[in-house]
Amino acid sequence: MATSRGTRQARKRLIAAAGSALVAALLATPASASQPMQTGGLTSQPIGHYEFCKANPVECNIRLRDPGPEHMSGALWKEIVAVNVGVNAAVRPMNDIDIYGKDEVWAYPGEVGDCEDYVLEKRRDLMRQGLSLSNLLITVVRKPDGEGHAVLTVRTDKGDFVLDNLTDSVRLWDQTGYRFLKRQATNHTGRWVTIREAQPAAPLVGSVR
């Protein structure tokens, strides 16, 4: 696999080369807004995140002061889109069985990764650009076909936006067609909360009780 530095350099080259009309359209600051997700109480932590936290305890024991959603601006929008497009282009999708020989391995990706790995990398990139971890939340959803999936939710004052490895478009959460189940808490990086709009469903990714 490529080194982290090599991957970041490759990503920068991909972003710099992305001068198409599609990317130009993606960079247009969103005019619409939506209501933020309504979250509930604490819930089970996905097993993959639990194992990730055992391997990276410092990352999962951060108590956060919630400063409120990020202020959406043209500059922030371009950062979010660039990170989504760049990571999607730099990482080749591959499932955990093929990479590690087992399911539910959450890790920072090199050249390959699955949905959770894309999320971790995008979260780290945006944190390095100054966004608060309280606004960069790993989120578990159900796709229309019923399959479990992970995305990154970015909380802003224009609504909660979703960064997804399945599309370069950054969309408001209620425009994705997904069913939102749970996400990281805004005040602690190792805790998870329910999303109130979601109805009870069978587990989509393994959880610890």
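Of the 33 residues in the largest nonpolar core, those touching the most other members are Ile80, Leu126, Leu136, Leu152, Val154, Leu163 and Val170. A nonpolar core is here a set of buried Ala, Val, Leu, Ile, Met, Phe, Trp, Tyr and Cys residues joined through side-chain atoms within 4.5 Å. Buried means under 20% relative accessible area, exposed over 50%, and partly exposed in between (1.4 Å probe, protein chains only). The model is predicted: local features need pLDDT of at least 70, side-chain atom pairs count only at pLDDT 80 or more, and totals for chains, interfaces and linings use all residues. Residues are numbered from 1 along each chain as its sequence is written, and side-chain values use heavy atoms, with hydrogens and water left out.

At least two residues of the largest core come from each of H3, H4, H6, E5, strand E6 (148–156), strand E7 (159–164) and strand E8 (167–172). Helices (H or I, at least four residues) and strands (E, at least two) are DSSP runs, numbered from the N terminus. H4 gives the most to this core, with 7 residues. Apart from this core lies another, of 8 residues, among them Met37, Val151, Val162 and Ile195. Leucine 136 is in contact (heavy atoms within 4.5 Å) with Arg123, Leu126, Met127, Leu131, Leu152, Thr153, Val154 and Gln184, leaving aside neighbours within four places in sequence.

Helix H3 has four buried residues to consider: Gly48, His49, Phe52 and Cys53. They cover an arc of only 135 degrees around the axis, which puts them on the same side of H3. The arc is that of the directions from the helix axis to the C-beta atoms. The buried residues of H3 pack against strand E2 (45–46), helix H6 (115–128), strand E5 (136–142), strand E9 (179–184) and E10.

Strand E9 is largely enclosed by the rest of the structure, because 5 of its 6 residues are buried. E9 pairs with E5 in the antiparallel sense over 4 bridges. Two strands pair if DSSP finds at least two bridges between them. Valine 140 has lysine 182 in E9 as its bridge partner. E9 and E10 also run antiparallel, joined by 3 bridges. Here glutamine 184 stands opposite tryptophan 192 in E10.

The structure holds 4 aromatic pairs. Rings of Phe, Tyr and Trp (its six-membered ring) pair if their centres lie within 6.5 Å; planes under 30 degrees apart count as stacked, over 60 as edge-to-face and the rest as tilted. One pair joins phenylalanine 52 and tyrosine 108, with centres 5.9 Å apart and planes at 70 degrees, so it is edge-to-face. Phenylalanine 52 lies in helix H3 and tyrosine 108 in the loop between helix H5 (96–100) and strand E4 (112–113), so the pair ties together parts 56 residues apart in sequence. Phenylalanine 52 is buried, at 5% relative accessible area. Tyrosine 108 is partly exposed, at 22%. The rings of tryptophan 106 and tryptophan 192 have centres 6.4 Å apart and planes at 70 degrees, so this pair is edge-to-face. Tryptophan 106 is buried, and so is tryptophan 192.

Arginines also meet aromatic rings. The charged end of arginine 124 sits over the ring of tyrosine 108, 3.8 Å from its centre. Such a charge has NZ of Lys or CZ of Arg within 6 Å of the ring centre and within 35 degrees of the ring normal. Arginine 171 lies over the face of tyrosine 178, at 5.9 Å from the ring centre.
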